[in-house]
Amino acid sequence: MWVFLKYNDNMEIERKWLIDKNNIPFNLNDYESFDINQAYISFSPTIRIRKIVNKNEYVLTVKSKSKDDISREEYEININEKEYEELIQKKEGIVISKTRYKVPFDSHILEIDIFHDDYEGLAYLEIEFDSIEEASAYTSPSWVIKEVTHDHMYSNSSLAKKKFIV
């Protein structure tokens with residue numbers, strides 16, 4: 001049985017920054033982390049599957065096209081291991097492997113992704129917001145390299161298409 005998870009009223013509002021994993025001002029080992037294997041079974045529309053390795057969880061996500069690069073509808077469905085294994089056979093591109101750290105910072109949760117395998121050395125910071133206004137007003141931390149919210153080359157789906165070179 002599939003259960004749809006409501007996520008921010010099904011609206012994802014986030015910004016993303018490229019970071020140097022050696023300049024993160026936190027000891028990431030002090031924070032909750034998840035090892036994620038992520039693949040796409042469709043790039044248009046965006047349909048993603050994730051295996052959260054250290055939690056033995058599987059999630060199918062459907063995302064709408066973004067009009068402003070900051071917000072879009074997102075629907076998540078918990079699936080089981082068998083469903084994941086069947087869907088992974090239909091993947092387009094490569095499987096992305098990363099560790100996600102959740103770091104409380106001010107009034108937000110920083111999601112820091114440290115990539116492995118094909119993208120060893122790549123690191124992102126993502127922050128989700130409650131509104132477009134809040135996202136637009138947010139001043140990024142001083143230790144980021146550059147904002148990549150509007151640069152599609154840095155999207156996870158582009159990574160899966162192997163359009164990004166580290």
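## A charge over a ring

Let's start with a contact between a charge and a ring: the charged end of Lys162 sits over the ring of Tyr119, 5.5 Å from its centre. A similar arrangement involves Phe43, where the charged end of Lys161 sits over the ring at 4.8 Å from its centre. Please keep in mind that this is a predicted model.

## How confident is the model?

The average pLDDT of the protein is 91, and 92% of the residues score at least 70. The stretch to treat with care is residues 1–8, where the pLDDT is below 50. In the model this stretch has 18 contacts beyond near neighbours in sequence.

## Strands β3 to β6

Now follow the chain through its antiparallel pairings. Strand β3 covers residues 32–43 and pairs with β4 in the antiparallel sense over seven bridges. Within this pairing, Ala39 has Ile49 of β4 as its bridge partner. The hairpin that joins β3 to β4 does so through two residues. Pro45 is found in the loop between these strands, and the peptide bond leading from Ser44 to Pro45 is cis, with omega near 0°. For context, most residues other than glycine have a negative phi, and most peptide bonds are trans.

Strand β4 (residues 46–52) continues into an antiparallel pairing with β5, again described by seven bridges. Two of the partnerships can be picked out here: Ile47 is bridged to Val62 in β5, and Arg48 is bridged to Thr61 in β5. Four residues lie between the strands of the β4 and β5 hairpin, and Asn56 in this hairpin takes a positive phi near 55°. On its other side of the pairing list, β5 meets strand β6 (residues 71–79) in the antiparallel sense over six bridges. Thr61 turns up again in this pairing, standing opposite Glu76 in β6.

## Which strands are covered?

How many residues of β4 are buried? Six of its seven residues are, which leaves β4 mostly covered. In β5, which spans residues 57–63, five of the seven residues are buried, so this strand is largely enclosed by the rest of the structure. When you look at either one, it helps to recall that side chains in a regular strand alternate between the two faces of the sheet.

## Two nonpolar cores

The largest nonpolar core has 20 residues, and those with the most contacts inside it are Ile19, Ile24, Leu110, Ile112, Leu125 and Trp143. At least two residues of this core come from each of β2 (11–19), β7 (92–105), β8 (108–115) and β9 (123–128). Leu110 gives a good local view: leaving out residues up to four places away in sequence, its contacts include Phe26, Tyr101, Val103, Phe105, Leu125, Ile127 and Trp143. Lys102 and Glu126 are also among the residues that Leu110 touches.

Another core, of 13 residues, lies apart from the largest one. Its members include Tyr40, Ile94, Leu122 and Tyr124. As general background, nonpolar side chains in soluble globular proteins tend to be buried together.

## Aromatic pairs

The structure holds nine aromatic pairs. Tyr40 and Phe43 make a stacked one, at 5.5 Å centre to centre with 25° between the planes. Tyr40 counts as buried because its relative accessibility is 4%, under the 20% cut-off.

What is the geometry of the pair formed by Phe129 and Tyr138? The ring centres of Phe129 and Tyr138 are 5.3 Å apart and their planes stand at 55°, so this pair is tilted. Both Phe129 and Tyr138 are buried. Elsewhere, ring pairs link Phe26, Tyr31, Phe105 and Trp143 into a cluster. Among these, Phe26, Phe105 and Trp143 are also touched by Leu110.

## Two loop aspartates

Where is Asp106, and is this residue buried or exposed? Asp106 is found in the loop between β7 and β8, and with a relative accessible area of 70% it is exposed. Although Asp106 is not a glycine, its phi is positive, at about 55°.

Asp117 belongs to the loop between β8 and β9. With a relative accessible area of 60%, Asp117 is exposed. Asp117 is not a glycine either, yet it has a positive phi of about 55°.

How values were computed. Residues are numbered from 1 along each chain as its sequence is written. This is a predicted model: local features need pLDDT of at least 70, side-chain atom pairs count only at pLDDT 80 or more; totals for chains, interfaces and linings use all residues. Side-chain values use heavy atoms; hydrogens and water are left out. Buried means under 20% relative accessible area, exposed over 50%, partly exposed in between (1.4 Å probe, protein chains only). Two strands pair if DSSP finds at least two bridges between them. pLDDT is the predictor's confidence in each residue, from 0 to 100. Contact means heavy atoms within 4.5 Å. Rings of Phe, Tyr and Trp (its six-membered ring) pair if their centres lie within 6.5 Å; planes under 30 degrees apart count as stacked, over 60 as edge-to-face and the rest as tilted. A charge sits over a ring if NZ of Lys or CZ of Arg is within 6 Å of the ring centre and within 35 degrees of the ring normal. A nonpolar core is a set of buried Ala, Val, Leu, Ile, Met, Phe, Trp, Tyr and Cys residues joined through side-chain atoms within 4.5 Å.
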